[in-house]
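Here is a walk through one protein model with a bound ligand. We take burial first, then charge pairs, strands and the ligand site.

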Amino acid sequence: MNTSESGFGALGLRSEILEAVNGLGYEEPTAIQREAIVPLLAGRDVLGQAATGTGKTAAFALPLLQRVAHVSGDDRAIRALVLVPTRELAMQVAQAIHKYGRVLGTSVLPIFGGQSYTQQLRALRRGVDVVVATPGRALDHLQRGTLALDRVSFLVLDEADEMLDMGFADELEAILQALPEERQTALFSATMAPRIKTIAKKHLRDPLYVTIASEAPAAGKAPRVREVVYVVQRAHKAAALGRVIDVESPSSAIVFCRTRTEVDELTETLAARGYAAEAIHGGLSQEQRDRVLRRFREGTSEILVATDVAARGLDIEHLSHVFNFDVPSSPDAYVHRIGRTGRAGREGVAITLAEPREQRLLHNIEHHTKRKVRIENIPTVHDLRERRIERTRASLEAALTDGGLERYRGMIETLASEYDVYDVAAAAVKLLDARDGDAERDEAEIPAVSLAPARALKAGTAKGPRTKPSERLSAADAEKLYIGLGRGAGIRPGDLVGAIANEAGIPSREIGAIEITDRFSLVEVPAAKIDAIIRAMKNTAIRGKKAQVRRDRGR
Ligand code: AMP
């Protein structure tokens with residue numbers, strides 16, 4: 001599927017931007033994007049209520065890019081300003097705008113406190129089209145006369161409630177005074193506290209209020225679904241999913257991802273770890289799609305990894321499990337996804353992996369479904385063993401009650417004349433256990449993370465410092481391996497697992513979290529074996545390229 005068939009094509013974005021979005025594997029706009037992009041393209045001010053994870057960055061970044069598309073030549077000036085509460089967000093948003101706007105040649109500069117002024121000044125003097133800044137540092141530059149905002153025609157206040165919570169009200173006011181009156185403004189906030197409305201009233205012109213509309217669930221329609229959330233850092237998500245799949249041992253499951261790219265990558269990671277997983281997304285031909293579905297129905301594959309779009313038309317009777325690899329971008333999407341399990345009076349399980357920063361989205365979902373989601377710790381290696389023993393015991397009991405054991409009794413009697421009968425039984429269980437597909441697949445501990453303590457949820461009552469999610473590293477027995485090849489070299493998780501497994505003889509189940517960036521990859525391996533792995537991989541080529549392999553220095 002390409003963007004012209006999907007909902008993006010209908011929004012009025014230019015083809016270069018559509019291509020960028022398509023290239024990132026987005027199959028359709030999220031709710032906030034559907035609501036905000038058209039009015040923003042038309043030049044309207046927008047007041048948007050949306051939290052992190054809803055896709056709000058693209059909701060303002062795509063129209064911003066189109067409205068201020070780089071003017072070549074000498075007439076270079078800052079055309080758009082995005083104000084954000086934190087340096088992390090400044091970097092993230094700048095990266096996103098860069099990603100979406102690369103083809104247009106739009107230049108973006110993040111500016112935040114703690115960064116050297118000289119570097120910022122040099123970049124500003126060279127000239128940029130878009131600045132993404134924290135209010136404090138932006139005002140600093142403004143007062144020093146090093147930030148010219150007189151040509152800004154597009155302003156975004158992102159996470160405005162956070163900016164106010166962090167005490168940036170005065171800075172915001174001062175910056176707003178320095179901007180041309182003739183401009184377009186978009187304000188995004190997770191809450192619509194009175195203070196936000198005051199700002200909107202004063203600085204936005206006849207804004208269109210957009211929020212993620214959601215139908216209330218029909219009464220009595222709640223599915224019988226056990227809903228669980230695990231909080232886990234991005235880098236550990238694939239390993240965490242593997243662990244949860246092992247513990248749950250689903251008979252048929254869908255794993256939902258946001259983008260096509262994510263679907264492909266996750267499918268490869270799962271397959272490399274020995275799961276019968278297949279990808280399904282809008283990039284497949286009808287024939288490929290049919291083949292994947294047939295294998296799933298026949299039970300050849302047990303796990304479908306899918307985007308929302310691809311899953312929508314799927315005619316699949318019942319799923320034992322739905323996994324959300326990300327928190328869905330809207331409560332409606334969540335309800336749709338989990339509605340695929342627990343059908344026809346059967347029990348279902350819906351498991352969501354959330355990153356610490358996606359807490360707000362979880363609250364939205366709880367608010368919408370009027371149910372509390374249970375937040376649990378990722379199962380430990382110990383839990384996994386317990387579950388396995390439990391399952392083996394259950395299978396044995398079933399076999400005992402099913403009967404039909406006569407043909408095996410003779411063999412046991414012969415063995416029992418030579419060995420202790422308990423040992424014979426134990427040996428049989430051991431074999432059974434070893435044959436169990438998921439046996440001992442992933443033994444590295446996954447760091448437990450907790451959500452930031454819930455901030456006051458009621459509009460306007462959130463005060464005080466931002467709390468960073470605490471992180472407790474449990475096991476020190478994994479270490480990160482740096483491999484100097486990344487996405488840019490076409491590296492996929494399967495390549496890394498394959499190379500390490502083949503060259504160093506490390507079973508893939510001992511390989512932990514894998515993180516692939518544009519330029520390099522980080523792979524968690526057993527600390528005790530890292531030196532041997534580095535030695536073994538000295539002269540290895542991955543995807544035909546020699547790679548630098550060493551301990552990750554970030555540790
Ligand atoms: P945000 O809410 O802007 O922080 O975005 C959350 C995540 O969703 C980011 O990783 C985006 O890359 C991703 N994303 C944004 N829009 C879409 C879309 N239409 N389809 C799939 N993923 C998206």
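Buried means under 20% relative accessible area, exposed means over 50%, and partly exposed lies in between. Keep these cut-offs at hand. The model is predicted.

Start with Glu479. Its relative accessible area is 14%, so Glu479 is buried. Its salt-bridge partner is Arg551, and the closest N and O atoms of the two are 2.5 Å apart. Glu479 sits in strand S17 (residues 478–483) and Arg551 in strand S22 (residues 549–551), so the salt bridge ties together parts that are 72 residues apart in sequence. Arg551 has a relative accessible area of 33%, so Arg551 is partly exposed.

Side chains of opposite charge can pair when their charged atoms come close. In this model the count comes to 30 salt bridges. Another of them joins Glu159 and Lys56, with the closest N and O atoms 3.2 Å apart. This pair also links distant parts of the chain. Glu159 is in the loop between strand S5 (154–157) and helix H7 (160–165), while Lys56 is in helix H3 (residues 56–67). The two are 103 residues apart. Which class does each partner fall into, buried or exposed? Glu159 has 11% relative accessibility, so Glu159 counts as buried. Lys56 has 4% relative accessibility, so Lys56 counts as buried too.

Now take a salt bridge with other burial classes. Arg487 pairs with Asp518, and the closest N and O atoms are 3.5 Å apart. Arg487 lies in the loop between S17 and helix H19 (493–504). Asp518 lies in the loop between strand S18 (514–516) and strand S19 (521–526). The pair therefore ties together parts that are 31 residues apart in sequence. Arg487, at 38% relative accessibility, counts as partly exposed. Asp518, at 52%, counts as exposed. Salt bridges can also share partners: they join Arg234, Lys237, Glu262, Asp326, Glu355 and Arg357 into one network.

Turn to strand S8 (residues 225–231). Why is S8 largely enclosed by the rest of the structure? Six of its seven residues are buried, so the strand is largely enclosed. S8 pairs with strand S13 (residues 348–354) in the parallel sense, over seven bridges. One position to look up is Tyr230, whose bridge partner in S13 is Leu353. S8 also pairs with strand S14 (residues 374–376), again in the parallel sense, over three bridges. Here Val229 stands opposite Ile375 of S14.

Last comes the ligand. Which residues come nearest to it? Of the 14 residues around the ligand, they are Tyr26, Glu28, Gly53, Gly55 and Thr57. By class, the shell has three nonpolar, eight polar and three charged residues. Several polar contacts reach oxygen atoms of the ligand. A polar side-chain atom of Thr57 lies 2.6 Å from a ligand oxygen. For Thr54 the contact comes from the backbone: an N or O atom there is 3.0 Å from a ligand oxygen. Arg258 uses a polar side-chain atom, 3.4 Å from an oxygen atom of the ligand. On its own, the ligand has 490 Å² of accessible area, and the protein covers 83% of that.

Technical notes. Residues are numbered from 1 along each chain as its sequence is written. This is a predicted model: local features need pLDDT of at least 70, side-chain atom pairs count only at pLDDT 80 or more; totals for chains, interfaces and linings use all residues. Side-chain values use heavy atoms; hydrogens and water are left out. Buried means under 20% relative accessible area, exposed over 50%, partly exposed in between (1.4 Å probe, protein chains only). Helices (H or I, at least four residues) and strands (E, at least two) are DSSP runs, numbered from the N terminus. Two strands pair if DSSP finds at least two bridges between them. A residue is near a molecule or strand if one of its heavy atoms lies within 4 Å of it. A polar contact is a pair of N or O atoms within 3.5 Å; within protein, one must be able to donate a hydrogen and the other to accept it, and residues adjacent in sequence count only if both atoms are side-chain atoms. Accessible areas come from the Shrake-Rupley method with a 1.4 Å probe; for residues, only the protein chains shown count as cover. Ala, Val, Leu, Ile, Met, Phe, Trp, Tyr, Cys and Pro count as nonpolar, Asp, Glu, Lys and Arg as charged, and the others, Gly among them, as polar. A salt bridge is a side-chain nitrogen of Lys or Arg within 4 Å of a carboxyl oxygen of Asp or Glu.
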